[in-house]
Amino acid sequence: MKQTGVAILGAGRWGKHLIRNFLTHPDACLVAVVDPYPETLAAIKDKYNLAPEVRLATDWESIRDLPTIEAVVIATPAVTHYTLIKDALQQGKHVLAEKPLTLDVAECLELCHLAQEKQLQLMVDHTYLFHPAVKRAQEVVNSECLGDLRYGYAARTNLGPVRQDVDSLWDLAIHDIAIFNYCLGQLPVQVQATGRVWLQFQKEFQVSNLPVKTEFQVSQLPVESSQDNQGCSQSLIPQQPANLQPANLQPANLQPDNLQPANLQPANLQPANLQPANLQPANLGQKSTLREQPSTPQGLADLVQVTLTYPTGFQAFIHLCWLNPDKQRRLGIVGTQGTLIFDEMLAQAPLTIQHGYFEQNGEYFIPAGQHREVLDLESFEPLYSVCDRFLNSVRLSQPSSISSGWVGAQLVHILSCLSQSLHQGGVPVTVPQLPK
């Protein structure tokens with residue numbers, strides 16, 4: 001079988017794992033590695049004992065015309081994705097990009113259409129969608145052994161790494177949103193987000209949205225685009241004309257009324273008296289040494305609380321923080337008969353079902369049927385599966401059903417709606433259908 005010639009852009013923390021996996025895949029031939037730092041390239045060459053014919057370059061421009069490159073793998077900061085992906089597609093190369101696809105919904109749609117027009121494969125590395133535990137979790141949900149689904153929860157916390165180009169919402173939430181969407185087989189119709197900023201008040205980044213509906217008319221806070229690309233040299237990025245975002249990618253008619261069912265927002269859930277004056281007494285005597293927190297966070301949020309509402313009324317609650325030494329990677333889906341738990345921190349038993357339900361005795365509800373079931377999982381590296389599926393899509397000229405560019409665009413769309421809610425004080429935002 002003919003091998004696919006692959007160039008990998010970015011040899012940082014995640015890029016090294018991609019290099020390792022493509023090097024060991026029998027259907028891939030590593031043609032080139034690009035990174036702006038010569039010392040990084042030298043370390044990669046030594047670590048993986050790269051063959052002399054593998055080109056090492058500090059800029060994409062110098063190797064983009066190599067005829068042996070059939071596919072490009074992009075593991076650079078998200079702010080560079082759009083330009084690099086578009087240029088690779090225009091060069092006739094298939095593309096696998098690290099998440100998120102871009103930071104702009106219109107750019108995502110443009111790239112998806114470009115790949116479709118040129119009959120090229122565009123895939124996004126949403127690694128969790130290829131995790132054996134997530135695959136098994138979807139099977140459990142579909143089997144209905146959990147009973148009627150009630151709600152979901154997730155926590156993703158650690159002490160760092162603290163990003164300087166995006167906030168904790170954009171850095172962390174995409175994983176759990178992707179898992180919930182995949183397991184439920186649904187997309188959220190409404191989202192909310194609230195957050196706090198402690199570390200980087202001075203930094204913000206601009207997120208472009210499709211038109212969305214909010215329950216209240218609140219003016220959008222001005223934000224500035226961050227120029228920090230975490231050390232990615234601009235030499236990696238080919239120059240592009242200024243008119244790369246056609247206006248017709250942001251149609252105004254994307255807000256059908258039926259996307260926001262009336263019964264999702266009962267009026268009594270948002271009483272006006274949640275902030276009584278006596279909660280903020282004026283006679284505290286001493287000025288607080290704590291920095292005042294605005295109701296609409298300005299800066300890169302360190303803590304974000306997310307609510308996703310799905311068409312069935314199922315809600316998922318996600319806690320995100322990169323300022324918490326209690327490392328958590330835990331997600332649960334709660335039903336009337338038990339809770340499915342995916343906990344990455346339990347290496348020996350990452351996926352379990354905590355069975356249990358209530359039996360009613362008069363006015364009392366008695367717990368019954370309680371026991372823990374550890375689910376057996378297949379054994380494979382999720383990232384290797386990502387690389388394998390990408391190469392398979394290239395070989396068969398078929399988009400990935402799990403993590404195509406369109407799936408990546410949808411996740412960016414949801415994050416953009418969450419950003420609007422976050423910067424408008426947590427108001428509910430309707431998620432309009434994404435045009436194709």
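How many bridges join strand 1 to strand 2, and which way do the two strands run? Strand 1 (residues 4-9) and strand 2 (residues 28-34) are joined by 6 bridges and run parallel. One of the pairings matches Leu9 with Val34 in strand 2. A word on terms: strands (E, at least two residues) and helices (H or I, at least four) are DSSP runs, numbered from the N terminus, and two strands pair if DSSP finds at least two bridges between them.

Before going on, note that this is a predicted model, where local features need pLDDT of at least 70 and side-chain atom pairs count only at pLDDT 80 or more, while totals for chains, interfaces and linings use all residues. Residues are numbered from 1 along each chain as its sequence is written, and side-chain values use heavy atoms, with hydrogens and water left out.

**The sheet**

Now zoom out from that pair. An open sheet is formed by 6 strands in the order 3-2-1-4-5-6, with parallel pairing. Strand 3 (55-57) and strand 6 each have a single partner strand, so one side of each has no neighbour in the sheet. On average, neighbouring strands here are turned by 20° against each other, direction ignored; the axes behind that angle are lines fitted to C-alpha atoms, and angles run from 0 to 180 degrees between N-to-C directions.

**Salt bridges**

A salt bridge here is a side-chain nitrogen of Lys or Arg within 4 Å of a carboxyl oxygen of Asp or Glu. By this rule, the count comes to 13. Here are some of them:

| Acidic residue | Basic residue | N to O distance |
|---|---|---|
| Asp27 | Arg395 | 3.3 Å |
| Glu61 | Arg64 | 3.5 Å |
| Asp171 | Arg163 | 3.0 Å |

The pair Asp27 and Arg395 links distant parts of the chain: Asp27 sits in the loop between helix 1 (13-24) and strand 2, Arg395 is in helix 7, and they are 368 residues apart. How covered up are they? Buried means under 20% relative accessible area, exposed over 50%, and partly exposed in between (1.4 Å probe, protein chains only). Asp27 is buried because its value is 16%, while Arg395, at 38%, is partly exposed.

Glu61 is partly exposed at 35%, and its partner Arg64 is buried at 15%. Glu61 and Arg64 also belong to a network of salt bridges with Asp87. As for the last pair in the table, Asp171 is buried at 9% and Arg163 is buried at 16%.

**Backbone oddities**

Most residues other than glycine have a negative phi, and most peptide bonds are trans. With that in mind, look at the bond joining Lys99 and Pro100: it is cis, with omega about -15°. Pro100 lies in the loop between strand 5 (94-98) and helix 4 (105-117). Another cis bond runs from Gly160 to Pro161, with omega near -10°, and Pro161 is in the loop between strand 7 (149-159) and helix 6 (168-184).

What about phi? Gln119 has a positive value near 55°. Its place is the loop between helix 4 and strand 6 (122-125), and at 68% relative accessibility Gln119 is exposed. Ser397 also has a phi near 55°; this residue is in the loop between helix 7 (382-396) and helix 8 (405-423), and it is exposed at 52%.
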